[in-house]
Amino acid sequence: MPRSRPRRPPCWPGPPSPANAASTYCNSTTPSSSILFYRADNGETGTGTLSAGHWRYKGGFTLPTGYTHAAASRDSLVLYNADTGAGEVGTFKNGTYSRTQTYDDFSTGWTSVEASGDSVLFYNGDTGAGVTGTLKNGRYQEVRTYDNFSTGWSTMASSCDTLVAAARHGSGDFPWSNLGYGTLKNGVYSDKGAIPRDDFLGELTATKDSMLALSRSGGELQFRVSNATNGSGINFREIGTSGIWDQVGRTPDSLFFYKTDGTAWISTLSGGNYRNVGALPEVSSGWSLIAGGV
């Protein structure tokens, strides 16, 4: 696990991979429709499945308080406390989470934790440090450390095999951004390219093959979507606006929009195509983390 700041300078980008390796993995394994809801203040947790825009409740239980990040792969989940270094890993299948190991000595200060189908990346936006590893079968196995990522990536998301990150620059009235992307598989991130933009995409969320970007414009959110497979196909297009949401959870083909007062909305995002499904009533208020598989 990421127990200390990386000490050896890795090559950047990571080693090249066969062109079809990522798609082979994603096409040969079963997507995970599991999604978890967590409250950091009291540890309250609920799980269920979200598939094709349909939500099903699985059960509720209590986890340790204070987790700041959660990320789910195709069959596993990691939870992490950036302040204390506490964390845990377990299997996450069919809407059921089962802890396999707990930790009290993770490095503190990771600002992003993102999972693909079989891997997870820990990143510190202040230092440029990072750690990647596999996240499969309820186990995390560190594969590589980095000390030369760019600093300042403020939002990241990973589809089954493709990670996209955005950094905001400029003033509040005239923001611009860098957009970086590559593959995240077999426990390694491999850089594939960058796109300069004259705007800021906003917060990123990914399904198994697509990416959603939400940027604030006045009192609304601007929606943009893109394909995201094999570390390529990154080309965001505008699809409309909505009111402000506090969080967006994901599963392989669906999105869960949430306000802390319990207001919720479900949509689908697959093959780069977005579709509204509708409101979900009677959702609990106060969830601080929403993590879904891919």
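A salt bridge is a side-chain nitrogen of Lys or Arg within 4 Å of a carboxyl oxygen of Asp or Glu. The structure is a predicted model, in which local features need pLDDT of at least 70 and side-chain atom pairs count only at pLDDT 80 or more, while totals for chains, interfaces and linings use all residues. Residues are numbered from 1 along each chain as its sequence is written, and side-chain values use heavy atoms, with hydrogens and water left out.

**Exercise 1. Determine which residues the salt bridges that share partners join into one network.**

Solution.
Step 1. The search of the whole structure yields five salt bridges.
Step 2. One of them pairs R197 with D199, at 2.8 Å from N to O.
Step 3. D199 also pairs with R224, their closest N and O atoms being 3.2 Å apart. R224 belongs to strand β18 (residues 220-227) and D199 to the loop between β15 (188-197) and β16 (203-206), so this contact ties together parts 25 residues apart in sequence. Strands here are DSSP runs (E, at least two residues), numbered from the N terminus.
Step 4. R224 further meets E238 in a salt bridge of 3.4 Å, N to O. Because E238 lies in strand β19 (residues 237-242) and R224 in β18, the pair links parts 14 residues apart in sequence.
Step 5. R224 is buried, with a relative accessible area of 7%, whereas E238 is exposed, at 53%; buried means under 20%, exposed over 50%, and partly exposed in between (1.4 Å probe, protein chains only).
Step 6. Through shared partners, R197, D199, R224 and E238 form one network.

**Exercise 2. Identify the elements that give two or more residues to the largest nonpolar core.**

Solution.
Step 1. A nonpolar core is a set of buried Ala, Val, Leu, Ile, Met, Phe, Trp, Tyr and Cys residues joined through side-chain atoms within 4.5 Å.
Step 2. The largest such core has 16 residues, and V78, V113, V120, F122, L135 and Y140 have the most contacts inside it.
Step 3. The contributing elements are β5 (76-80), β8 (112-115), β9 (119-123) and β10 (130-136).
Step 4. Another core, of 14 residues, lies apart from the largest one and includes A157, V164, A213 and A228.

Note on methods:
Helices (H or I, at least four residues) and strands (E, at least two) are DSSP runs, numbered from the N terminus.
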